[in-house]
Amino acid sequence: MSSNTCSRSAASARKRASFHWPRRTGAGWVYEYAIVDKSGKHSLADLRSLQDWHLRYALETVPGVAEVASIGGFVKQYQVQLDPNKLRAYGIPLSTVIDKVKMSTNEVGGRVLNLSGADYMIRGLGYLRSLDDLATVAVGSKNGTPVLIRDLGTVSFGPDIREGVAEWHGDGETVGGIIVMRQGMNALNVINGVKQKLREIAPSLPPGVQIMTGYDRSDLIDASIKTLQRDLLEEAVIVSLVIIIFLFHFRSALIAIIALPIAVLMSFIPMYWLGVSSNIMSLGGIALAIGVLVDASIVMVENGYRHLSERQEKDASPVSEPERHTILINSASRLVRRCSFR
């Protein structure tokens, strides 16, 4: 195989690897919560750290969760405020200080150590754990004496640049999170999984800290399902009363009533094959289409029943099966249907 062929194969593999479907959509925002401190002992920075380093990682393990976005609070940072005059006095450029800080918090691999037939991974953990660790990082030397970061400025905790604010019921600022569902997942199952995980996390929260629900789409989903069920029941009752009162014929009413649930159930078949989920929009469209189905059924049944009654009154004899077929297909339905078959 030539080198050109290998390069083309590698390029096509990279292209296929870079192509992927989006993990989430604009309709994936299914749940939102707020971290409320009733005791007043925790700052916004503490609550944001609790969200970023504890709650977020725990909630991302729930099946179907694509992202847990944090909002509000202050992102805690290690901040070094350097004095330009001291940098000039020691002759140390700013880029050197930045590189030394990056190198001071790092993880280094040491390959493998074989002991008694077992391989042990060796790695060196050099993470900063306190302000003193950062302040004692050496960035250079002056006359044989190490120059530390604390010799060039001050080290302290500080907030990152804020890009948003979260507020809870007029009680002031707070910290919250937004659960974004993975594309194609069942929203109700994802929300129930998130609630279960929050109940498991609740005992480990600091005293006085509670997780309050800000937005829960499951309420809207349950309301949509109940609305669809109610509309089906109401339409069936209204159609039955209309046909029974005006036609006084129960079997004719039964035709229109049976058409409602059958049409609704049949609509889920193409939705399944086309990958359309049973969300708020699709269920709302089905609920609106029920009225159209009822109108068409009433018109067809009423016109067929009228032709059947007129034929019976004219002939004064029972109608045979061929005559019924002729009445419903060629006479009654042709008057009200949109197209005719020849």
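This passage describes the fold, cores, helix packing and selected residues of a predicted model.

The protein comprises 11 helices and 11 strands. Its chain has 342 residues, of which 27% are buried. Contacts that reach across the sequence were also examined. Among contacts between residues at least 6 apart in sequence, 70% link residues at least 24 apart.

The largest nonpolar core contains 24 residues. Within this core, Tyr-31, Tyr-33, Ile-35, Ile-179 and Val-194 touch the most other members. Five elements each contribute at least two residues: the strands β1 (29-37), β2 (65-72) and β10 (173-181), and the helices α2 (44-59) and α7 (187-201). The largest share, six residues, is supplied by α7. Val-194 illustrates how the core is joined. Residues up to four places away in sequence aside, Val-194 is in contact with Tyr-31, Leu-59, Val-62, Val-65 and Ile-179. Two of these partners, Tyr-31 and Ile-179, are themselves listed with Val-194 among the residues that touch the most other core members. A second core, of 14 residues, is separate from this one. Its members include Ile-243, Val-264, Ile-286 and Ile-290.

The packing of α2 and α7 was then described. Two packed helices are characterised by the angle between their axes and the distance between those axes. For α2 and α7, the angle is about 140 degrees and the axes are 10 Å apart. Angles over 145 degrees would count as roughly antiparallel, so α2 is classed as oblique to α7. The crossing of the two helices is right-handed. On the α2 side, the contact is formed by His-54, Leu-55, Ala-58 and Leu-59. On the α7 side, these residues meet Val-194, Lys-197, Leu-198 and Ile-201. By class, the contact residues divide into six nonpolar, one polar and one charged. The polar residue is His-54 and the charged residue is Lys-197. Val-194 and Leu-59, which take part in this helix contact, also touch each other.

Ser-218 lies in helix α8, which spans residues 217-247. Its relative accessibility is 4%, so Ser-218 counts as buried. Beyond residues up to four places away in sequence, Ser-218 touches Leu-188, Ile-191 and Lys-195. These three partners fall within the 187-201 range of α7. Ser-218 of α8 is thus in contact with the helix that gives the largest core its largest share.

Tyr-305 belongs to helix α10 (residues 280-315). Tyr-305 is partly exposed, because its relative accessibility is 22% and the buried class ends under 20%. Tyr-305 and Ser-252 are 53 residues apart along the chain, yet their C-alpha atoms are separated by 7.5 Å.

Ile-255 sits in helix α9 (residues 250-274). With a relative accessible area of 53%, Ile-255 is exposed. Its C-alpha atom is 9.1 Å from that of Ile-298, a residue 43 positions apart in sequence. Ser-252, the partner of Tyr-305, falls within the residue range of α9. Ile-298 falls within the residue range of α10. Both C-alpha pairs therefore link α9 with α10.

Met-103 occupies helix α4 (residues 94-104). A relative accessibility of 58% makes Met-103 exposed. Met-103 and Tyr-127 are 24 residues apart along the chain, with 9.7 Å between their C-alpha atoms.

Two residues other than glycine have a positive phi. Asn-143 has a phi of about 55 degrees. This residue lies in the loop between β6 (138-142) and β7 (145-148). Asn-143 is exposed, with a relative accessible area of 77%. For His-169, phi is near 50 degrees. His-169 is found in the loop between β9 (166-167) and β10. At 63% relative accessibility, His-169 likewise counts as exposed. The strand after this loop, β10, is one of the contributors to the largest core.

Notes. Residues are numbered from 1 along each chain as its sequence is written. This is a predicted model: local features need pLDDT of at least 70, side-chain atom pairs count only at pLDDT 80 or more; totals for chains, interfaces and linings use all residues. Side-chain values use heavy atoms; hydrogens and water are left out. A nonpolar core is a set of buried Ala, Val, Leu, Ile, Met, Phe, Trp, Tyr and Cys residues joined through side-chain atoms within 4.5 Å. Buried means under 20% relative accessible area, exposed over 50%, partly exposed in between (1.4 Å probe, protein chains only). Helices (H or I, at least four residues) and strands (E, at least two) are DSSP runs, numbered from the N terminus. Contact means heavy atoms within 4.5 Å. Axes are lines fitted to C-alpha atoms, for helices over the stretch in contact, and angles run from 0 to 180 degrees between N-to-C directions. Angles under 35 degrees count as roughly parallel, over 145 as roughly antiparallel, 65 to 115 as roughly perpendicular and the rest as oblique. A crossing is left-handed if the near helix is turned anticlockwise from the far one by less than a right angle, and right-handed if clockwise.
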